[in-house]
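Please look through the sequence and the 3D structure shown below before reading on. The report that follows takes up strand pairing and then a few individual residues.

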Amino acid sequence: LHQRGWDIEAGYTTALDQLVDSWSGELTLRAIGTHVQYSLRDDGRNPVTDAAGTNSNQGPLSWRWLFNAGYELDKIGVNWTGRYM
């Protein structure tokens with residue numbers, strides 16, 4: 001099995017009063033992505049195949065994303081996480 005791809009990550013945190021004076025707390029945003037360019041499988045019997053993006057149990061998805069948003073105020077925090085496949 002030979003795979004090639006890349007990962008990307010971005011994050012941002014800010015105090016909400018920097019955006020709007022009357023708002024309180026802290027906002028955190030984060031996104032993580034993975035892209036598989038190719039996933040070559042050679043079992044020694046069948047032709048070499050590229051399974052990237054086939055969305056089957058034979059290969060990885062070509063894109064996957066994880067998103068997170070968090071809000072904190074004093075000692076209370078709330079987080080939301082979403083996943084895209």
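## Strands and their partners

Which residue in β3 is the bridge partner of L40? In this model, which is predicted, the bridge partner of L40 in β3 is D50. That pair belongs to the antiparallel pairing of β2 with strand β3, residues 49-50, where two bridges join the strands.

Strand β2, which covers residues 26-41, also runs antiparallel to strand β1, residues 2-15, and 14 bridges join these two strands. Within that pairing, A10 stands opposite A31 of β2. In addition, β2 pairs with strand β4, residues 63-73, again in the antiparallel sense and over 10 bridges, and here H35 has W63 of β4 as its bridge partner.

## S39, a buried residue of β2

S39 is found in strand β2, and is it buried or exposed? Because its relative accessible area is 1%, and buried means under 20%, S39 counts as buried. The side chain of S39 is joined to the side chain of Q3 by a polar contact of 3.0 Å. When its neighbours within four places in sequence are left aside, S39 is in contact with L1, H2, Q3, T49, D50, A51, A52 and P60.

## E26, a partly exposed residue of β2

E26 also has its place in strand β2, but with a relative accessible area of 36% this residue is partly exposed. How far apart are E26 and G70 in sequence and in space? They are separated by 44 residues in sequence, while the distance from C-alpha to C-alpha is 8.0 Å. Apart from neighbours within four places in sequence, the residues in contact with E26 are T13, T14, A15, L16, G70, Y71 and E72.

## A nonpolar patch on the surface

On the surface, W6, I8, W63, F67, W80 and Y84 make a nonpolar patch of about 630 Å². The elements that each give two or more residues to this patch are β1, β4 and β5, the last of which covers residues 76-84. W63, which belongs to the patch, is also the residue of β4 that serves as the bridge partner of H35.

One of the patch residues, W80, lies in strand β5. Since its relative accessibility is 53%, and exposed means over 50%, W80 counts as exposed. As a general point, the side chains of a regular strand alternate between the two faces of the sheet.

How values were computed
Residues are numbered from 1 along each chain as its sequence is written. This is a predicted model: local features need pLDDT of at least 70, side-chain atom pairs count only at pLDDT 80 or more; totals for chains, interfaces and linings use all residues. Side-chain values use heavy atoms; hydrogens and water are left out. Two strands pair if DSSP finds at least two bridges between them. Helices (H or I, at least four residues) and strands (E, at least two) are DSSP runs, numbered from the N terminus. Buried means under 20% relative accessible area, exposed over 50%, partly exposed in between (1.4 Å probe, protein chains only). A polar contact is a pair of N or O atoms within 3.5 Å; within protein, one must be able to donate a hydrogen and the other to accept it, and residues adjacent in sequence count only if both atoms are side-chain atoms. Contact means heavy atoms within 4.5 Å. Patches are made of residues with over 30% relative accessible area and no salt bridge: like charges are joined within 9 Å, nonpolar side chains (Val, Leu, Ile, Met, Phe, Trp, Tyr) within 5 Å. Accessible areas come from the Shrake-Rupley method with a 1.4 Å probe; for residues, only the protein chains shown count as cover. A salt bridge is a side-chain nitrogen of Lys or Arg within 4 Å of a carboxyl oxygen of Asp or Glu.
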